[in-house]
Amino acid sequence: MRKDVIYFILLLLITDIAVLMNIPLLRQSLPFIFFSLVPGYLLIRVMGLKLELIEKSLLSVGLSLFLLIFTGLLLNMTYPLIPRPISLLPLLASLNILIAILLIGYRFRTDGRLTHDFDLKEGILSPALVSFMFPVITVLGSYLMNTYSINMLLLGVLLSIPLYIIFLTLLKERSHHLTYPFALFNIALSLLIMNGLPSNYVIGRDIHIEYYLFRSVLMNGHWVFSGTINDAYNACLSVTILPAVYRFILNVPAPYIFKFYYGFLGAVMPLAVYFISQRVLKDRNMAFYASLLFIFQFSFIYILGWCRQLIALIFFSLAIMVLTSDLKRSYKKLLFIIFMISTVFSHYTTAYVFAILTFMIPPVVWVLKRFSFGKPKRSYFFGASVAVLFFVVIFAWNAQATGASFNDAVTFFERTISSMGNFFSEDMRNNSELSVVGIGIAQIPNLLSTVIHDLIFLLIGIGALSLIFKGRDDVSQEYTAAVMISLGLFASFIILPFVSKGYGGTRLFTQMLVFLAPLFIIGVESLRDILRRKVPDTPLILVLLLILFSSVTYLNYHFAGIPYSYAYDSGGERRYETFIYDSEVTGAKWLSVHGANKTINTDAFGSSRILKGFYTNPKLNIEYFKNKRTGNGYVYLRWTNVNKGLVFLDPPLAAPRFIKGKLKMDNVERIDEYRNILSYKNRIYDNGGVLILRDI
């Protein structure tokens with residue numbers, strides 16, 4: 001038997017021992033690394049793909065996630081023959097069988113031995129190693145912030161990242177080619193976990209329903225197709241089966257699968273953008289800046305708040321990376337289909353946007369050929385047959401197997417069409433899209449954020465026009481078509497009523513940036529040519545990126561004296577909304593025992609706390625304060641209601657601001673204004689962080 005096969009068997013054996021014997025630290029790390037990399041790596045070697053180290057690692061992660069999801073799904077189908085198929089022993093046995101099958105295929109590959117070219121003499125690697133301090137300090141800083149409200153380390157990380165980027169710029173000619181991938185991964189990981197680790201519970205809005213469904217799989221021991229709290233979310237295997245697989249093999253507190261481990265998975269996306277940008281721009285330095293643009297987006301930094309899209313975007317970015325590679329057409333097609341199917345199983349909206357691109361590219365390419373736009377060279381794969389297959393997979397999964405997400409999509413389009421009658425109504429549009437045209441700007445930090453985003457949109461638009469009309473060497477018409485379609489999609493989110501409100505343009509923009517990011521660099525170069533200025537592009541690019549960084553991390557608000565970030569500000573709107581205290585969950589657990597069959601009245605964000613304490617679907621009324629009417633059942637007052645005297649009527653639609661020396665938050669009122677409806681209630685539970693009232 002070959003030595004490399006023996007190494008994999010030994011590593012699998014050590015991983016199994018770490019899991020079964022529950023060895024501290026080893027169990028929480030080795031199984032995650034092994035099962036997130038090795039299955040995909042073996043599949044790559046079975047296929048005989050020739051790739052460089054980093055690209056091979058990225059595809060290994062994507063293919064491993066694909067194999068984990070589908071192994072869990074196949075195992076789930078054994079229910080009720082196996083009463084609890086999604087549990088430790090069935091999962092571990094199935095994963096061992098999967099590795100054994102892949103090793104058999106790997107064993108018979110004549111070129112399957114472990115070989116990697118790694119030349120340390122190519123350049124200095126120490127700057128890349130420095131970047132590993134960012135996630136380490138972020139973890140320590142998050143602990144200090146959660147425990148003692150000390151934010152110095154977190155602010156230190158945020159202030160060090162711009163300095164580090166400038167440092168890499170100065171060393172760009174001397175650094176090793178792995179420096180940029182390592183730097184991108186560690187910067188992305190730091191920002192992701194910084195906004196995931198606050199509190200002992202999951203952080204965000206959508207994530208609370210995702211976590212509830214994930215926990216249901218853990219309790220039931222299998223995934224239930226329908227009849228849950230939200231069937232559309234439940235159809236996303238990225239937040240049901242996949243995290244359950246990780247939870248059982250890692251044995252960590254359930255919230256940390258989403259709060260921490262998913263951060264490592266999400267950090268691979270910028271690396272895919274880096275490879276895509278490098279192939280378009282033919283310059284690794286500029287590809288690095290394009291990838292930073294992708295990282296410095298609200299919907300990336302805070303994506304641990306909607307993990308179903310995080311996993312889907314991994315598959316989407318890897319699919320685009322594969323299409324821009326030099327792999328054989330047959331391998332491109334196979335990998336594209338794998339990642340396409342995985343996207344459908346992970347998140348419905350990301351898959352719909354992906355499908356629109358796939359459907360529209362062939363006819364747009366035909367038009368481009370007729371008018372000779374772009375380069376005729378065909379270097380990517382997009383075909384009608386794949387588009388048809390995409391439709392079949394989406395229809396089979398979303399309409400037939402699960403149903404809810406397809407029905408939601410139909411309802412979404414119906415509401416979009418019906419909303420055309422209210423075209424000029426601000427209420428039909430998302431706040432972030434309104435701010436693009438200057439609506440809702442209240443403070444200087446808000447203005448700075450709007451201006452920098454508008455400048456970046458403008459530069460991307462200039463880059464797109466340059467690409468369409470001037471072309472670029474080795475950029476195919478398929479890429480040009482994808483750029484045109486994605487810009488049209490993004491424009492629709494700003495122009496059409498309800499579209500932006502129903503989904504959010506920031507999340508779509510982040511998905512589109514997977515292949516639009518290079519246009520930012522092209523736009524800067526084109527602007528320089530238009531102005532006929534012989535000045536270097538790098539300083540302007542750096543200034544724009546660093547201002548953007550200060551905006552998306554809310555540093556501009558922090559240094560203006562307005563607390564906004566829930567990661568490093570102990571007060572302020574975002575903290576009051578998202579940070580969950582132990583006392584709040586304890587109160588919810590008490591309520592699940594004593595008031596499970598009664599309506600529970602709370603404010604706009606009380607439901608996220610209540611869901612953490614319930615194992616069944618509670619009867620919630622989050623409009624209790626908004627309606628200003630007494631109602632039957634219990635009133636659940638969370639930490640912010642009790643200790644800050646604040647009530648959230650709706651999600652805030654505008655940034656916080658100072659008015660006459662006082663902090664004003666949108667859709668937030670003093671609880672004293674509701675004494676008339678609370679005076680008819682008796683206090684029946686009080687733990688200092690939660691107050692529960694009931695009718696007299």
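In the predicted model, Leu103 has a relative accessibility of 8% and is therefore classed as buried, the limit for this class being under 20%. This residue belongs to helix α4, which spans residues 88–107. When neighbours within four places in sequence are set aside, the contacts of Leu103 are with Val5, Phe8, Ile9 and Leu42. Leu103 and Arg45 are 58 residues apart along the chain, and a distance of 9.7 Å separates their C-alpha atoms.

A further region of the model contains an open sheet of five strands, arranged in the order β2-β1-β3-β9-β8 with mixed pairing. The edge positions are taken by β2 (620–621) and β8 (681–686); each has a single partner strand, so one side of each is left without a neighbour in the sheet. Within the sheet, strands β1 (residues 600–601) and β3 (residues 634–637) run parallel and are joined by two bridges. Opposite Asn601 stands Val635, a residue of β3.

Two helices are associated with these strands. Helix α30, formed by residues 606–613, packs on the sheet and touches β1, β2 and β3. The direction of helix α30 makes an angle of about 105° with that of β3. Helix α29, comprising residues 582–594, lies across β1, β3, β8 and β9, the last of these strands covering 691–695. Relative to β3, helix α29 runs at about 165°. Strands β1 and β3 are thus among those touched by helix α30 and among those across which helix α29 lies.

Terms used
Residues numbered from 1 in each chain as written. Predicted model: local features only at pLDDT ≥ 70, side-chain atom pairs only at ≥ 80, totals over all residues. Heavy atoms only, no water. Helix = DSSP H or I, 4+ residues; strand = E, 2+ residues; numbered from the N terminus. Buried < 20%, exposed > 50% of the residue type's maximum accessible area, 1.4 Å probe, protein only. Contact = heavy atoms within 4.5 Å. Pairing = 2+ DSSP bridges. Axes fitted to C-alpha atoms, helices over the stretch in contact; angles between N-to-C directions.
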